[in-house]
Amino acid sequence: MKKTLLLVFSLVLLFNSCKDIPEKVVIVPSSGKINNISLIISDQLWNGEVGDSIRKKFAAPVDGLPQEEPLFTINQYPVRFQNDARNIIIIRKEEKNSYKLKENEFAEPQNVVHISGKNVSEILAHIETHADEIIKKFKATEISESQKNIDISLLDDKKIRKKFGISMHLPSTYKYALLKPGFIWMKREILSGNNSILIYKVPFRTILKNNDMTGNIIKMRDSIGALYIHSKVRNTKMITEESYAPYFFTTKLDGKRAYETKGTWELKGDFMSGSFVNYAIMDRKKRNFIIIEGFCYAPSTEKRDLMHEMEAIIKSTKSLQ
């Protein structure tokens, strides 16, 4: 009898303790195309000032592309229909005036932005105040997602490690196109053209002389184009397109100061052209810059996501020294 009572008592304790354990929330993997946003907003707000503000901020033209392409592709829904999108913005007109950016609320990785206000003015104020923060967060998430996809099948980067003392994650779809002392060109063929990654080194003075970094970077990449990048037509060379000034930013890559240049290139003497992104990464110890550039030739294809892939590749760079 004592044994039976003891067993019953133990089961009661076990049952009560189990009730105190919180249920484990199951987070599903997020999904969706790269550089897409799911926007949950009423048709009335979407077709008015709020929609105009969203489009102006999040569908602004990408810097450095020959034709206008939006920063993000916005998919608008009047009511929530899915929770596993990677980037979600939920806008409501209600009494509560608030802004929140939550990570991994329904899936992982995921960013969910909640904006609400009792009138259009309050909603617009949140968009104006927080748009840059949201864009920065969304872009970082998309770079990480692209890098995860790239890591599924990698090109052997031993040649890069040996020549430049850096590692880099490139998809196995890239091939070594040209190897020269102090220079590597890797290329991936696509349906209507190709993506290319270049790596080389230059001394400090090449970029820092006369305090004209943008002009010096243009001269530097044009000299490399004259040396190595040609078409089958004689006397051709790749140059920075002369009609448009490139975009120039100061940033960090692998914890080091870097200069990012975006613009368009053309093949002088031929009819080829496309987009490029160039990173000049400062190495203070060796007093030189490692130059990593991605450029694409895709005359009949949108280039935003092609350039995004190369940016993700370049941002995987790690120094081995």
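This is a quick spoken tour of one protein model, from its overall build to its cores and its largest pocket.

Okay, so before anything else: what you're looking at is a predicted model. Let's start with the whole thing. The protein has 8 helices and 17 strands. Its C-alpha atoms fill a box of roughly 95 × 60 × 40 Å along the principal axes. The radius of gyration is 25 Å, where a compact globule of 321 residues would sit near 20 Å. Buried residues account for 45% of the 321. And if you take the contacts between residues at least 6 apart in sequence, 60% of them join residues at least 24 apart.

Now, the inside. The largest nonpolar core has 27 residues, and the ones with the most contacts within that core are Leu170, Met186, Ile197, Ile199 and Ile292. Which elements give it two or more residues? Those are α4 (120-150), α5 (158-164), β10 (183-190), β11 (193-203), β15 (273-283), β16 (288-297) and α8 (304-314). Out of these, α8 gives the most, with 5 residues.

Have a look at Met186 for a moment. Setting aside its neighbours within four places in sequence, Met186 is in contact with several residues, including Leu155, Ile160, Leu170, Tyr174, Ile197 and Ile199. So Leu170, Ile197 and Ile199 come up again here, as partners of Met186. There's also a second, separate core of 23 residues, with Val202, Phe204, Met220 and Tyr228 among them.

On to the pocket. How much space lies in the largest one? About 860 Å³. Its lining has 34 residues, and Leu71, Lys139, Glu260, Lys262 and Glu311 are the ones nearest its centre. Two or more lining residues come from each of α4, β13 (247-253), β14, β15 and α8. The largest share is from α4, with 7 residues. As for the chemistry, the lining divides into 14 nonpolar, 7 polar and 13 charged residues.

Last stop, Lys262, which is found in strand β14, residues 256-268. Is this lysine buried or exposed? Lys262 counts as buried, because its relative accessibility is 13% and the cut-off for buried is under 20%. Leaving out neighbours within four places in sequence, Lys262 is in contact with Asp63, Gly64, Pro246, Tyr247, Phe249, Phe276, Val277 and Glu311. Notice Glu311 in that list: like Lys262, Glu311 is one of the residues lying nearest the pocket centre.

That's the tour, thanks.

Note on methods. Residues are numbered from 1 along each chain as its sequence is written. This is a predicted model: local features need pLDDT of at least 70, side-chain atom pairs count only at pLDDT 80 or more; totals for chains, interfaces and linings use all residues. Side-chain values use heavy atoms; hydrogens and water are left out. A nonpolar core is a set of buried Ala, Val, Leu, Ile, Met, Phe, Trp, Tyr and Cys residues joined through side-chain atoms within 4.5 Å. Buried means under 20% relative accessible area, exposed over 50%, partly exposed in between (1.4 Å probe, protein chains only). Helices (H or I, at least four residues) and strands (E, at least two) are DSSP runs, numbered from the N terminus. Contact means heavy atoms within 4.5 Å. On a 1 Å grid over the protein atoms alone, a cavity is a set of points where a 1.4 Å probe fits but cannot get out, and a pocket is an open set with protein on both sides within 12 Å along at least five of seven lines; lining residues have an atom within 4 Å of a point. Grid points are joined across faces, edges and corners, and a volume is the space filled by probe spheres set on the points. Ala, Val, Leu, Ile, Met, Phe, Trp, Tyr, Cys and Pro count as nonpolar, Asp, Glu, Lys and Arg as charged, and the others, Gly among them, as polar. The radius of gyration is taken over C-alpha atoms; the globule rule is 2.2 Å times the number of residues to the power 0.38.
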